[in-house]
Amino acid sequence: MDERYQLQVRDRLKKVQLEIQQILDKVGDPERNVRIVAVTKYIGVDEVRDLVQAGITDAGENRWQVARAKVEEFPQLQWHFIGPIQRNKARPIARHFDWIHSVDRWELAEDLSKFAQELGKRLNVLLQVNISGESQKSGLMPEEVASLLKDCNEFRGIAIKGLMGIATNTDNGERLRQEFRLLRTLRDDLQNSAGLHLPELSMGMSEDYPIAIEEGATMIRIGRKLVLKEGLAL
Ligand SMILES: *Cc1c(COP(=O)(O)O)cnc(C)c1O
């Protein structure tokens with residue numbers, strides 16, 4: 001147990017929570033719940049224990065091998081899978097995670113649904129959309145989302161709760177805003193046209209979460225800014 005790190009995380013968490021509320025007040029949406037997902041891929045089991053002590057309730061991982069020891073050790077956390085999923089990892093991921101942010105193809109949705117059903121659970125799923133327009137990034141093209149949503153209707157083991165996007169790595173605020181707005185508009189259109197309930201928008205990371213919240217995020221995935229150890233020289 002590292003009390004100094006615990007305090008550091010507690011302090012950073014409080015600052016982010018305060019900042020969220022200030023932004024929500026500013027945009028006139030003070031009641032919106034924005035969930036902070038602490039991305040733990042940078043740290044080990046001991047540090048995650050400190051995070052739990054510091055009051056973190058939701059944690060995110062993007063690779064099964066890196067996540068494994070942590071999700072097994074801390075089942076009391078809500079675990080969010082946020083990375084690409086290889087087919088042979090879908091079963092343990094369905095078992096240990098509560099939310100999957102990165103579904104972008106039918107076969108994966110089918111596998112996750114099947115494994116979740118075997119476990120008697122219903123997985124919360126977000127469809128990942130490529131909002132940056134960069135071809136090497138994963139995610140559905142915006143125009144593909146409606147069709148996958150429709151196909152997922154038949155899968156009893158998953159519940160589609162919304163959309164996830166990763167913005168371009170840039171400090172161009174206007175560009176970031178446009179990308180987040182694209183995801184929000186897409187969600188709004190799908191809700192209006194298909195009568196679906198898609199309450200969740202997972203968007204925003206350490207460098208861009210304030211803009212994402214302004215544009216409607218309900219989940220922000222924060223790694224470095226929340227969990228990296230710094231200034232430990234005494
Ligand atoms: C690593 C990661 C994050 C967190 O990134 P930070 O810049 O460290 O906040 C968020 N989302 C995804 C998909 C990631 O892989």
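Which residue forms a salt bridge with Glu174, and how far apart are the closest N and O atoms? Glu174 pairs with Arg177, with 3.7 Å between the closest N and O atoms. More on that pair comes in the third legend.

A quick note before the views: this is a predicted model, so local features need pLDDT of at least 70, side-chain atom pairs count only at pLDDT 80 or more, and totals for chains, interfaces and linings use all residues. Residues are numbered from 1 along each chain as its sequence is written, and side-chain values use heavy atoms, with hydrogens and water left out.

**Figure 1. The whole protein, before zooming in.** The fold has 9 helices and 8 strands; both are DSSP runs numbered from the N terminus, with at least four residues for a helix (H or I) and at least two for a strand (E). With 234 residues, a compact globule would have a radius of gyration near 17 Å, and the protein's 17 Å agrees with that. That radius is taken over C-alpha atoms, and the globule rule is 2.2 Å times the number of residues to the power 0.38. Put a box around the C-alpha atoms along the principal axes and you get roughly 55 × 40 × 35 Å. Buried residues make up 50% of the 234; here buried means under 20% relative accessible area, exposed means over 50%, and partly exposed is in between (1.4 Å probe, protein chains only). Of the contacts with a separation of 6 or more, 60% come from residues 24 or more positions apart, a contact being heavy atoms within 4.5 Å.

**Figure 2. Close-up of helix H1, with Leu13 and a charged pair.** Leu13 sits in helix H1, residues 3-26. Its relative accessibility is 6%, so Leu13 counts as buried. Beyond residues up to four places away in sequence, Leu13 touches Ile36, Ala54, Gly55, Ile56 and Leu226. Val227 is 214 residues away from Leu13 along the chain, yet their C-alpha atoms are separated by 9.5 Å. In the same view, Asp11 makes a salt bridge with Lys15, the closest N and O atoms being 3.2 Å apart. Both lie in helix H1, 4 residues apart, or about one turn of the helix. Asp11 is partly exposed at 41% relative accessibility, while Lys15 is exposed at 54%.

**Figure 3. Close-up of the salt-bridge network around helix H7.** Side chains of opposite charge can pair when their charged atoms come close. A salt bridge here is a side-chain nitrogen of Lys or Arg within 4 Å of a carboxyl oxygen of Asp or Glu, and the whole structure has 20 of them. Back to the opening pair: Glu174 and Arg177 are 3 residues apart in helix H7 (residues 173-194), so about one helical turn separates them. Arg177 counts as buried, at 19% relative accessibility. Glu215 and Arg181 also meet through their side chains, at 2.9 Å from N to O. This pair links distant parts of the chain, with Arg181 in helix H7 and Glu215, 34 residues apart from it, in the loop between helix H8 (209-214) and strand E8 (219-222). Glu215 is buried with a relative accessible area of 7%, whereas Arg181 is partly exposed at 42%. Lys26, Glu174, Arg177, Arg181, Glu214 and Glu215 are linked in a network of salt bridges.

**Figure 4. Close-up of Ser202 in strand E7.** Strand E7 covers residues 200-202, and Ser202 is found there. At 0% relative accessibility, Ser202 counts as buried. Leaving out residues up to four places away in sequence, Ser202 touches His101, Leu126, Leu163, Met164, Gly165, Leu183, Met219 and Arg221.

**Figure 5. Close-up of Leu196, in the loop between H7 and E7.** Leu196 counts as partly exposed, with 29% relative accessibility. Apart from neighbours within four places in sequence, Leu196 is in contact with Leu149, Leu190 and Gln191. The C-alpha atoms of Leu196 and Ile160 are separated by 9.5 Å, and the two residues are 36 apart along the chain.

**Figure 6. Close-up of Gln117 in helix H5.** Helix H5 runs over residues 106-118 and includes Gln117. Gln117 counts as partly exposed, at 46% relative accessibility. Neighbours within four places aside, Gln117 is in contact with Arg156 and Gly157. Gln117 and Gly157 are 40 residues apart along the chain, with their C-alpha atoms separated by 4.8 Å.
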